[in-house]
Amino acid sequence: MSIIGQSLTRPDAARKTTGETRFLTDISVENMVHGAPVYSSIPFGEFKTIDLSIAEKVDGFIAFVSAQDVPVENQIGVIIPDQPLFADKTVRYVGDSIGLVIAKTPEAAVAASRLIKVDYVEENPYLSIDESRDATENFIHESNLACQHRVRKGDTDSGFKEADHIFEARFKTPYQEHYYLEPQACIVIPEKDGKIKILGSLQCPFYIQKAVARVFGIATDKILVEQAPTGGAFGGKEDIPSEVCARAAVAAVKIGLPVKVVYNRRDDIQLTSKRHPFQMHYKVGVKHDGTLVAANILLEENAGAYATLSTVVSYRSAAQAMGPYVIPHIHVDSNSYYTNLPPTGAFRGFGSPQAAFGHERMMNIIADKLNMDPVEIRLKNIVKPGSETQTAQVLNESVGAEETIRKATKSANWTHFNPDQSGRYKHGIGISTIHYGNCLGAAGWHMDGSGVNIKISPSGDIYVAYGLVEMGQGSETVVTQMTGDALGVSPNRIIVLPTDSVQVPDSGPAVASRNVVMTGNAIRNAAQTLMPILKKAASELMGCDASEIAIMDDKVTDIESGTEISFHELCDFMGKSNVPMEFTGWWHTPKLEYNAETGIGEAYFSYSFATHIAKVRVDTLTGQVFVDKIIAAHDVGKAINPAGIEGQVEGGSAQGIGWATTEDFKMDRGVVTTPNLSTYLLPTALDVAEVETIIVEKPEPEGPWGAKGIGEPSIIPTAGAIANAVSSALGIQMNEIPLTPERVLNAINGKIE
Ligand code: MOS
């Protein structure tokens, strides 16, 4: 029986729950010393002098490295080269890197870092999107616009003329801090032959390889990157580990000793990227019956001091701005502006949760104005097989959007939601439907390939190395299942190796919900080479024709005679007969036709779809929002591991509940004033809703076994569903999150802006 579609227990579960797994804080290497970051305390300006005289006296102080110590290129920007590894005079946010102190103990490094005196000349910082956009001089970089993307489909002027109604609204979504439970951490070891070995808590080993190689001006294969067990990432360990590792590498090579860096929580929050705050303006024209005709959408994003992955966020949010609905005329502008605030970058969904908040609030506002049911207006406009997306891409296969709406509303008993509203608590129900382009899309197509290396040992064990990573999401489990199914062997024969740049070619980043699709297809391609060799060896051993061999459930069978041997007997024979036992597989996403000027074409080769329905209770006395239930229907193409999908959906929903209600990230002139869990309120077990996961399977022909991504789709609809539910409970359009008690009470008291 195939193990695809079964809820296999995670191979890493026991070691992680018993504490056997060693994370970076637990790992030491010989002669290791420790680094602590020194960073700007002002949001914008220049530093004039760095005074080490007191810091140097700290017991255990070893060295201080800064821009002067960079061997070749002082540049770390992953897509746009706008970010120095160490600031060279100019600092652009509180947290901009000035240097790294190295000491014998972590405590000494931190103590010394606090005693380094930096003199600044301050400039007026830009602290909001509006200030940044409207600036005419003294820009943060060459200009204050970090990047922009657009969509120009149809003729919006004539579209709005055809419309019976035109509605407009503005929306705002806030920062979100990743709050991965394990902070940024690495150990960098200078090797004798000029190589640099890196062990890191990370998502993208090959980004680190390239980044460190650029800083040192050496070949990427001189940088050996191994992933340590990683305690959460959510996009926050996409590009950030490159800078953490590169700074440690500069120090390690300079002093000739292994350097370990582990950020404390306050530094981690102050220095590293977050979710982009968005401000959005939607103008949408519709027919009397709710049919969408035209839209003009402006998305503005706070990119912070450096672009990091803003281009991806801006591209994705532009392509998905109107959601999974058919619309003939649409113009979208998606602009990211630099500010003197911590950089914003990759965070689960890359701008999709923000854009989804916009289109899903807008759909409800339109439904309200037309006196339509929010489900009805969605069903009227939803993409179906043969429909065109907002970028004029025709979707033929694996279009499960409508089914997610139907299944979720049925399970939620949508039409019969009629609670008692007479008391202190007002009840509400809200729906939100989304699509999510799988993998890197047209903009990142050039790097959208991934590999695996499968090695069969004479004992019958199978070692799988792959280029993407396990970061808590359950990757090791699905890689085990997919390899087992492709080779006809049981999961307990399969050993998934920690990701290591030495083992596999550059497989691109572990982002964009691409792991199952990329790695699964690479496994299938490896199996295509491998199976004929296994069968040929079996035919020699069993004295039959290779075409008569079947390998399944750890057994090798001659179908003709019914003779059977065990898989490990075959492997043992292969080990003795000098045949190849190591196989690589590679897969690249299909070619996409796309025009970057107009934003028209195949933005992504495939889309995941989802609908969330939130049931909420609002305490009209305190303003507190309780999310009682999330019903989440997800079209995943094919569920490789249903329990893993439930895990993603429950986790994504929890993170969405936090973003929509409790997580209120605050700064004062660029200094984070919510740097811990007592001020930045992640939902606890008591705050998260009961989540009901409904799996919809519309197979994707290009996906392995028909599968599509789930990691990010799980969070994208949640906030819109909650805001729609709260709006319906109160009869007030709640167009900004988080829905903190203060914001909700202000709305109830008529103080909403
Ligand atoms: Mo993620 S935002 O795909 O790392």
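**Entry 1: β9 and its partners**

I looked up Ile 189 in this predicted model and found that Ile 189 stands opposite Lys 197 in β10. The two strands concerned are β9, residues 185–190, and β10, residues 196–200. I noted five bridges between β9 and β10, in the antiparallel sense. Five residues lie between the strands of this hairpin. I checked the backbone there and saw that Gly 194 takes a positive phi near 90°.

I then asked which other strand pairs with β9. Strand β12, residues 259–262, does so over four bridges, again in the antiparallel sense. Within this pairing I looked up Cys 186, and its bridge partner in β12 is Val 261.

**Entry 2: the sheet of β20, β21 and β22**

I followed an open sheet of three strands, in the order β20-β21-β22, with antiparallel pairing. Its edge strands are β20 (549–552) and β22 (564–566), and each pairs on one side only. On average, neighbouring strands here are turned by 20° against each other, direction ignored. For β21, residues 555–558, I noted three bridges to β22. In that pairing Lys 555 stands opposite Ser 566 of β22.

**Entry 3: helix α13**

Which helix lies across these strands? I found α13, residues 515–542, lying across β20, β21 and β22 and running at about 115° to β20.

I next looked at α13 with helix α14, residues 567–576. Their axes come within 10 Å and cross at roughly 90°, so α13 is roughly perpendicular to α14. On the α13 side the contact is made by Ile 533, Leu 534, Ala 537, Ala 538, Glu 540 and Leu 541. On the α14 side I listed Phe 567, Glu 569, Leu 570, Phe 573 and Met 574. Sorted by class, this contact has nine nonpolar and two charged residues, and no polar ones.

**Entry 4: the sheet of β16, β26, β27 and β30**

I also looked up an open sheet of four strands, in the order β16-β26-β27-β30, where the pairing is mixed. Here β16 (425–437) and β30 (690–696) are the edge strands, each pairing on one side only. The average turn between neighbouring strands of this sheet is 15°, direction ignored. I checked β27, residues 625–635, against β30: the two run parallel and are joined by seven bridges. One residue I looked up in this pairing was His 634, which stands opposite Ile 695 in β30.

**Entry 5: the second largest pocket**

I noted a volume of about 1100 Å³ for the second largest pocket. Which residues of its lining are the closest to its centre? Of the 42 that line the pocket, they are Lys 172, Thr 173, Pro 174, Glu 736 and Arg 743. I looked up which elements each supply at least two lining residues, and among them are the helices α3 (129–134) and α17 (741–748). The strands β8 (165–173), β13 (278–286), β14 (292–304) and β28 (667–668) do so too. By class, I recorded 17 nonpolar, 10 polar and 15 charged residues in the lining.

**Entry 6: two backbone details**

I looked for the place of Pro 738 and found it in the loop between α16 (718–730) and α17. A cis peptide bond joins Ile 737 to Pro 738, with omega about 5°.

Thr 308 sits in the loop between β14 and α8 (310–319). I noted that its phi is near 35°, a positive value in a residue other than glycine.

Note on methods:
Residues numbered from 1 in each chain as written. Predicted model: local features only at pLDDT ≥ 70, side-chain atom pairs only at ≥ 80, totals over all residues. Heavy atoms only, no water. Pairing = 2+ DSSP bridges. Axes fitted to C-alpha atoms, helices over the stretch in contact; angles between N-to-C directions. Contact = heavy atoms within 4.5 Å. 1 Å grid on protein atoms, 1.4 Å probe; cavity = no way out; pocket = protein on both sides within 12 Å on 5 of 7 lines; lining within 4 Å. Points joined across faces, edges and corners; volume = space filled by probe spheres on them. Nonpolar A, V, L, I, M, F, W, Y, C, P; charged D, E, K, R; others polar. Parallel < 35°, antiparallel > 145°, perpendicular 65-115°, else oblique.
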